[in-house]
Amino acid sequence: MANYKVGDIIRLSRNFIGISQEELAFRAGLATETISRIESGKHKITAQTYKKIMNVLNYFPERNYAICSRRDMEIIEERKLLELAETKYEHDNQEYYINRIKEQIGDNVIDRQYVLRAEAMLKYGRDEKNSKMAIQELEQALRFTIKDWNFEEYKDKKYPYTYQELIILMNLSDVYSVAEQCEKALKMYDMVIKCLDSGYISGEDMEKFRLVVKRNMTITYEMMGKYELALRILEEVLEESIVLKYGTMISLALYDIAWNMKKINEINQCEKYPVEEINETLKQTYYIASAREDNRIRNLAEWLQNYDG
């Protein structure tokens, strides 16, 4: 789960819409000193005060920086399994967990946003929707909680997105990348990374999510022919994944590292990266994927072992 710092969220939101602490306090019926202490983390905010402030900042008060509105541990576990299935492109499992989640959640804004995003990515992954249709649905999902969202207005500003909104942004980036709008995709990935680095959102799940974003970003660089840059980022992802013991990302990063090494050798028509090193990396990928019963990555490692351009 994500952990949020309410004071940072309010400060970033206030700065985004361009109002002072004094104006926020006046419009929310609070003392300026109270706003100052809340933003600095020195004042414990009540639900009533939070709602007043969120109304002024034009948020859905029920948005409250949760993934799903029901904080049921079973739903949280289902959500984690769904996101793992998305990372591994396991469409049947995605459909299964989406249906499980739909059985348990309500019909409010947050829940509908969650389901629309997940279903849009499932249908896109199955080629039931093209890039344009997927982008439209993902942007629609984002506007459930950020009514005026558009890329051009938000791209250069710091905004405290929720974890759920950050996932939508990452998905949008993924689709834009496949649609060969690589510069836009990279800008959106960067928006997500900056949010995760800004300090208002934390937790081990966020550290793992950050690695997913960085790894997906490297796919965009690969599409642009920037294999060396992709390789450097993947080496960082691998190192951080080992520290977090994030098995799925370890096998993905190892496979991607071997792929980029092969592509660099192919383009330069020389053995910049020894075949032995590439094969050893693929061997590690195969064993880790096998141990984790990740057939897709294991099969990819076998295929790449025999790939000769």
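**Surface, core and the largest pocket**

Trainee: With a relative accessibility of 30%, does A179 count as buried, partly exposed or exposed?
Mentor: Before we start, this is a predicted model, in which local features need pLDDT of at least 70 and side-chain atom pairs count only at pLDDT 80 or more, while totals for chains, interfaces and linings use all residues. Residues are numbered from 1 along each chain as its sequence is written, and side-chain values use heavy atoms, with hydrogens and water left out. Buried means under 20% relative accessible area and exposed means over 50%, with partly exposed in between (1.4 Å probe, protein chains only). A179 has 30%, so its class is partly exposed.

Trainee: Where is A179 found, and how far apart in space are A179 and E78?
Mentor: Helices (H or I, at least four residues) and strands (E, at least two) are DSSP runs, numbered from the N terminus. A179 is found in the loop between α10 and α11. A179 and E78 are 101 residues apart in sequence, and their C-alpha to C-alpha distance is 30 Å.

Trainee: Which residue in the loop between α10 and α11 has a positive phi although it is not a glycine?
Mentor: Look in the loop that leads to α11 (182-197). The residue there counts as exposed because its relative accessibility is 65%. Its phi is about 65°, and the residue is E180.

Trainee: What is the phi of D127?
Mentor: D127 is found in the loop between α7 and α8. At 69% relative accessibility, D127 counts as exposed. D127 is not a glycine, yet its phi is positive, at about 65°.

Trainee: Which residues does R126 contact beyond its neighbours within four places in sequence?
Mentor: R126 also sits in the loop between α7 and α8 (131-142), and with a relative accessible area of 26% R126 is partly exposed. Contact means heavy atoms within 4.5 Å. Leaving aside those neighbours, the partners of R126 are H91, D92 and E95.

Trainee: Is L116 buried or exposed?
Mentor: L116 has its place in helix α7. Outside its neighbours within four places in sequence, L116 touches E137, Q140, A141 and F144. The relative accessibility of L116 is 15%, so L116 counts as buried.

Trainee: Let's turn to the pocket. How much space lies in the largest pocket?
Mentor: On a 1 Å grid over the protein atoms alone, a cavity is a set of points where a 1.4 Å probe fits but cannot get out, whereas a pocket is an open set with protein on both sides within 12 Å along at least five of seven lines; lining residues have an atom within 4 Å of a point. Grid points are joined across faces, edges and corners, and a volume is the space filled by probe spheres set on the points. For the largest pocket, the space is about 1300 Å³.

Trainee: Which helix supplies the largest share of the lining of the largest pocket?
Mentor: The lining has 46 residues, and several helices supply at least two residues each, among them α5 (73-87), α10 (163-178) and α14 (247-268). The largest share is 11 residues, and the helix that supplies it is α12.

Trainee: How many residues of that lining are charged?
Mentor: Ala, Val, Leu, Ile, Met, Phe, Trp, Tyr, Cys and Pro count as nonpolar, Asp, Glu, Lys and Arg as charged, and the others, Gly among them, as polar. The lining divides into 19 nonpolar and 10 polar residues, with the charged ones numbering 17.

Trainee: R215 is one of the lining residues nearest the pocket's centre; is R215 buried or exposed?
Mentor: R215 is found in helix α12. Its contacts beyond four places in sequence include Y89, M249 and D256. With a relative accessible area of 6%, R215 is buried.

Trainee: What is the radius of gyration of the protein chain?
Mentor: The chain comes to 16 helices and two strands. The radius of gyration is taken over C-alpha atoms, and the globule rule is 2.2 Å times the number of residues to the power 0.38. That rule gives 19 Å for 309 residues, so the chain is as compact as a globular protein of that length, with a radius of gyration of 21 Å.

Trainee: What percentage of the residues in the protein chain is buried?
Mentor: The C-alpha atoms fill a box of roughly 70 × 40 × 35 Å along the principal axes. Of the contacts between residues at least 6 apart in sequence, 65% join residues at least 24 apart. Among the 309 residues, the buried share is 52%.
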